[in-house]
Amino acid sequence: MDITGSTTVFAIAADPIAHVKTPQRLNALLRERGIDAVMVPFHVAAAGLPGLFAGLRGLANLGGLVVTVPHKESAAALCDALTPAAELIGAVNAVRVRDGHLTGGNFDGLGFVAGLRSQGHDPAGRHVYLAGLGGAGKAIACAIAEAGPASLRLYNRSSDKAEAFAERLARHHPGLAIHVAGTRPESCDIAINATTLGLDDNDPLPFQLDALAPAAVVADAVMSRVDTPLLRAAAARGCRTHPGLYMLEGQLTEIARFLGIEEPQS
């Protein structure tokens, strides 16, 4: 499909940017649906994010922006409005642009849970451990809590942040056992990495694996690769593994709907 003066532009902002897979996936979706639009990558450092958002308001042919690491929480503060989920999480991963008005939404958690379910790992009734409470981690924690697990244990390098978020989440889910945990998940059915550890082969593991039973599922939110150090170590231990690629597939439909990329009319 040719890019013309009438083509709608979507973008993704990240730092670094080379590892992202969303442009390939979304452009394939746009071609499949016959939509005159294209997604392009924006490499934006943290200091440049406010300038980017100011500039978005003046781009009449910009349909929206996907936001990823490390900008999700900062981007929320730069939006004019947030969806209820994004407000609770305090982070966005998609920004809809309409007449200079910026509305932020968050679909990381919905995408991650959809990905788990697609592979037979429904968190309902399961004991779940989650490491990392950045933008993606908080979104995943909210979606896991909505899915009805038996318990949810949260680990973050900043224990104060973990305590504060656990208390906030518990207010929305008073019947759910939510606890702050350490780096060693015990007696859990699903252990999730929502940190950025795993983008590089030299990254340390985000949590210890020695207490996990072989039947446990070890899931990673790193979407750019299926062989993170964590997943390799978990497979070597005999655990079932779940790469972050399924999260991308799960959230793409929701992001497309939010940005106005509609299903073709039959």
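How closely do the axes of helix H5 and helix H6 come, and at what angle do they cross? The first legend answers this for the predicted model, and the later legends turn to its sheets and to a further helix pair.

**View 1. The crossing of helices H5 and H6.** The axes of H5 (residues 108-118) and H6 (residues 135-146) come within 7 Å, with a crossing angle of roughly 60°. The two helices are therefore oblique to each other. Their crossing is right-handed. On the H5 side, the contact involves Asp108, Gly109, Leu110, Phe112, Val113 and Leu116, and on the H6 side Ala136, Ala139, Ile140, Ala143 and Ile144. By class, the residues of this contact comprise nine nonpolar, one polar and one charged.

**View 2. The mixed six-strand sheet.** Six strands make up an open sheet with mixed pairing, in the order S2-S1-S3-S5-S6-S4. S2 and strand S4 (81-82) lie at the edges with a single partner strand each, so one side of each has no neighbour in the sheet. Within this sheet, strand S5 (residues 94-98) and strand S6 (residues 101-105) run antiparallel and are joined by five bridges. Ala94 has Gly105 in S6 as its bridge partner. Helix H9 (residues 245-258) lies across strand S3 (62-67), S5 and S6, and runs at about 20° to S5.

**View 3. The β-α-β unit of S1, H1 and S2.** Strand S1, helix H1 (residues 22-33) and strand S2 together form a right-handed β-α-β unit. Strands S1 (residues 8-14) and S2 (residues 37-43) run parallel, and seven bridges join them. One of the residues in these bridges is Thr8, whose partner in S2 is Ala37. Helix H1 lies across both S1 and S2, its direction making about 170° with that of S2.

**View 4. The crossing of helices H1 and H9.** The axes of H1 and H9 come within 11 Å and cross at roughly 50°. H1 and H9 are therefore oblique to each other, and their crossing is right-handed. H1 contributes Thr22, Arg25, Leu26, Leu29 and Arg33 to the contact, while H9 contributes Leu245, Leu248, Glu249, Leu252 and Ala256. Six nonpolar, one polar and three charged residues make up the contact of H1 with H9.

**View 5. The parallel six-strand sheet.** A further open sheet of six strands follows the order S9-S8-S7-S10-S11-S12, and its pairing is parallel. Its edges are strand S9 (177-180) and strand S12 (240-242); each has a single partner strand, so one side of each is left without a neighbour in the sheet. On average, and with direction ignored, neighbouring strands of this sheet are turned by 20° against each other.

**View 6. Strands S11 and S12, with helices H6 and H8 on the parallel sheet.** Strand S11 (residues 217-220) runs parallel to S12, and three bridges join the two strands. Val218 stands opposite Thr241 in S12. Helix H8 (residues 229-237) packs on the sheet, where S10, S11 and S12 are the strands touched, and its direction makes about 170° with that of S11. Helix H6, already seen in the first view, lies across strand S7 (127-131), strand S8 (151-155) and strand S10 (190-193). The direction of H6 is at about 170° to that of S7.

Methods:
Residues are numbered from 1 along each chain as its sequence is written. This is a predicted model: local features need pLDDT of at least 70, side-chain atom pairs count only at pLDDT 80 or more; totals for chains, interfaces and linings use all residues. Side-chain values use heavy atoms; hydrogens and water are left out. Two strands pair if DSSP finds at least two bridges between them. Helices (H or I, at least four residues) and strands (E, at least two) are DSSP runs, numbered from the N terminus. A crossover is right-handed if, with the strands pointing away from the viewer, the path from the first strand over the helix to the second runs clockwise. Axes are lines fitted to C-alpha atoms, for helices over the stretch in contact, and angles run from 0 to 180 degrees between N-to-C directions. Angles under 35 degrees count as roughly parallel, over 145 as roughly antiparallel, 65 to 115 as roughly perpendicular and the rest as oblique. A crossing is left-handed if the near helix is turned anticlockwise from the far one by less than a right angle, and right-handed if clockwise. Contact means heavy atoms within 4.5 Å. Ala, Val, Leu, Ile, Met, Phe, Trp, Tyr, Cys and Pro count as nonpolar, Asp, Glu, Lys and Arg as charged, and the others, Gly among them, as polar.
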